[in-house]
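Student: I should like to learn how to read the features of a structure that is new to me. May we work through one together?

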Amino acid sequence: MDPFLISVLSNIGLFSFLALSAWLLLIGGEISFGQQAYFAFGAYGGGIATAVWGWPFPLALLWGAGLGAGVGALVAWPAARLSGVHYAIATLAFAELTRASLNIFRYQRDVDGYLTGPDGANGFGDIRWVYETGIAPGTYLALIAGLLFAVITAIALASRFNLLAQLRMVGEDPILAGMQGLHVLRWKVGAAAAAGAIAGLGGGLYAHLATYVEPAQFSVMTGVHAVAYGLIGGLGTALGPILGVLIDIGLLESLRALAAYRMIVFGGLVALILILRPRGILDESLVAKVRAWARR
Amino acid sequence: MLKIRDVQTSYGKIAALKGVSLDIEDGGLTSLLGPNGAGKTTLIWTIAGILKAQAGSMKINGEDILGLKAHQIVSKGIVTVPENRLVFPEMSVTDNLIAGAFSRHRDKGGIESDLEDVLTRFPRLRERADQLAGTLSGGEQQMLAVGRALMARPKILLMDEPSTGLAPIIVEEIFEIIGRLRDEGRTIFLVEQNAHMALKYADRFFLLEQGKVTFSGTPGEVDEKEVLERAYLGARKAG
Amino acid sequence: MLDLVQNTVDGIAAGAAYALLAIGFTLIFGVMRRLNIAFGPSIMVGVFLGAWVHAQWSAGLVGAAVATFIGALIASAYIERLSFAAIRGDAALASMASSFALWMQLEQGVALAFPGRTTAFPGLPALPDLETAGLFLRGDDIMILAVAGIVLIALHRLIYHSHFGLEMRALADNPEAARVAQVNTKRVAFLTFCLAATVGAVAGVLIAAADGQISPKFGLWATLKGLIAMMIGGLGSLRGALLGGLVLGVVEAQAQWYLGAAAREIIVYGLLFVCLILLPAGLAGVRDTGAARKL
């Protein structure tokens, strides 16, 4: 496979983790501008695990996902009382706090004679596990795709067991949901933990592919993009945020000649889509229609 | 039987309920009447666990329920049909109904048969089973809300102003449904502005004025005209 | 101790600009119940237009300021039409996402039209610096405070003593009732956007002139400052926006002085986070009216 295509697909895959993470919270009724923080925790955590502590890769990924879940839940617990703009800005504040803290976070150890580890604003390089073990880019793409598929399958399973519907109820109307017997706080924190885990997993995968991460990469813009993908692609299904990523990065690639104007085109496209379909392309009513049709 | 004694609920500094006491007896329809702003919705939300009372007690069959959260109240069999936020608009009619039964989510067979019962009881909902609830008319949404509450197999049904915003002919339809539920022996606590309709179906009623219960009785034994006056206009001050 | 006071003085000047930005956000959120996150970039368009006009015709500060207002108004009108007026009433999330998309457009547009990390902007007229009791008030800061003060007074008169202000407040309080009272809600919404653009343009001119230059990063920067100030002060309150802006300015100045730039960021965002968790009503004590529930 063309190495360029592999690189593009890998990017799409990695961003999809971030987009799914934001989407899950949107379903639960919260806008988070801060999922990039858990992506960062996964990237730094996973990177430190392999590069500094010499952990095996799968364990490092698990560690990154776990960090994302833990921190996500920790932030969501006090923030759950908030909603709307307050929640959005609180998550933005936490994410920026994370980024600003990473700018002064130094943790370097001697590994095989080299000083390895995060060096504040200078970044964190030499996350070389993938290259040292000689994994080909194509294989890594398969890994990204496989894990992404696993996440989507987990979400589909949750849908099957009515878990997703309950989360949607909490998202649409927490008071009414409470009246149906749902423990709203538990759902909000649970969704935040799951979203944090997904973002953390993506972050760990990202760090090992890029081999170098720095705090500036986990910016507000990244976070707002993540939310936008779900809103554009559609809130009705987990495939929505992925569609959003495809549209953005796919557009970038197909408009190579117009690369300089990509954001202008993408921005205009998004604004138009949202006028026609305020809940995204694959919105709830479309998904309901498809389901009804499939039932026949 | 739900016993409410001296319940006080405030919004910040504003006292909405200033010591409400009433009994909701098993079986039959108990109605709470009163003018706007008397605190009727506040009382429903306090019982439902959405608002926290600052004082007083609420006991169902001797068990204390004051201070329990909304989902815990549901598990005690007290189910609310709220005013205004009737349905989950982005979910289908069927999904809305199933949502009502989440507190009994393990009882799959029971939920299926209850769903059948509700759709039979409300043929219009069966017609629109796959439609998004947000596209239903006001009366249909109210029916859906009642149906959803029934899915929880409630011991007590709390209904907050089901006639709100509905055309008179639809209001009659809704009350017929409520009447049928009462005839089946269910316990219903109905809060209503439309005192005339409420009195037609109530077995007993209470009058809430400015955060306190000022009057109680059964429709047969009181002068309906006087009750209606006070329910709509509030008690006239002497002098 | 003197440092503390000096920093406070410096911080208030910066904070005045932040307050204007926060007021711009608040005007739009208060009246439309939606967040226009493209507000910063729309000001940026104005400021760059001002820089361009100055570069082309040596228009000086006045010419640049006029161009800034025009640019900000055009950009704001563009955003209002596409992201707010065109999207149906209950889809507040869609409006926000759409405004983000337009942000991307505006930012790239500006970056293409003005390559280079910074572009020059005419400076503020040279006022003498004041010095009393060992405290130093720069001429620039005096200018900023004076202009901001005038704008705030004018805004107050407009909002509380004019018919348009009444319509705005009615719409902010209860859209349905306003409509029934024959307030032309669409027109008021559009004009509110224009008002926000004007206030923001003042902030933009002050900041750009004080710096003598502008960069494409201005869009994000102004958005963040405005949002943070608005939230600290209390969402939906103009008084809160003012208070929040001043507090942000002072906290930044103190943190920068005593702890340096890196720590300053940590303190500001940490403060914001804690503020939102512990004091969601903000410093002005705005109670959540439920309008903020679904953005």
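Tutor: The discussion below turns first to the contacts between chains and then to chain B. Please keep in mind that this is a predicted model.

Student: Which chains share the most contacts?

Tutor: One begins by asking which chains touch. Two pairs of chains are in contact here, and chains A and C share the most contacts. Chain B and chain C, by contrast, are joined by no contact; their closest C-alpha atoms lie 10 Å apart, whereas a contact requires C-beta atoms within 7 Å.

Student: How many residues does each chain give to the contact between chains A and C?

Tutor: Chain A provides 34 residues and chain C provides 37 residues. On the side of chain A, the elements giving two or more residues are α3 (57-79), α4 (84-102), α10 (220-233) and α12 (262-276). The largest share of that side, eleven residues, belongs to α4(A).

Student: What classes of residue make up the side of chain A that touches chain C?

Tutor: That side of chain A has 26 nonpolar, seven polar and one charged residues.

Student: Let us turn to chain B. Into which domains is chain B divided?

Tutor: A domain may be written as more than one stretch of sequence. In chain B, domain 1 is given as 1-77 + 155-234, and domain 2 as 85-154. The C-alpha centres of these two domains of chain B lie 23 Å apart.

Student: How many residues of each domain of chain B are in contact with the other?

Tutor: The contact involves 13 residues of domain 1 and eight residues of domain 2 of chain B. On the side of domain 1, two or more residues come from each of α2 (70-75), β7 (156-160) and α7 (168-183) of chain B. The largest share of that side, four residues, is from α7(B). By class, the side of domain 1 has eight nonpolar, three polar and two charged residues.

Student: In what order do the strands of the open sheet in chain B stand?

Tutor: A sheet is read strand by strand, from one edge to the other. In chain B, six strands form an open sheet with mixed pairing, in the order β6-β7-β8-β3-β9-β10.

Student: Why is one side of β6 and of β10 of chain B left without a neighbour in the sheet?

Tutor: Because β6 (78-81) and β10 (212-217) of chain B stand at the edges, each has a single partner strand. Neighbouring strands of this sheet are turned by 20 degrees against each other on average, direction ignored.

Student: How does β7(B) run relative to β8(B), and how many bridges join them?

Tutor: The two strands run parallel, and five bridges join β7(B) to β8 (residues 187-192) of chain B. D160(B) stands opposite V191(B) in β8(B). As for α7(B), this helix lies across β3 (28-33) and β8 of chain B, at about 150 degrees to β8(B).

Conventions
Residues are numbered from 1 along each chain as its sequence is written. Chains are lettered from A and ligands numbered from 1 in the order in which they are written. This is a predicted model: local features need pLDDT of at least 70, side-chain atom pairs count only at pLDDT 80 or more; totals for chains, interfaces and linings use all residues. Ala, Val, Leu, Ile, Met, Phe, Trp, Tyr, Cys and Pro count as nonpolar, Asp, Glu, Lys and Arg as charged, and the others, Gly among them, as polar. Domain bounds come from an automatic or database domain assignment. Two strands pair if DSSP finds at least two bridges between them. Axes are lines fitted to C-alpha atoms, for helices over the stretch in contact, and angles run from 0 to 180 degrees between N-to-C directions.
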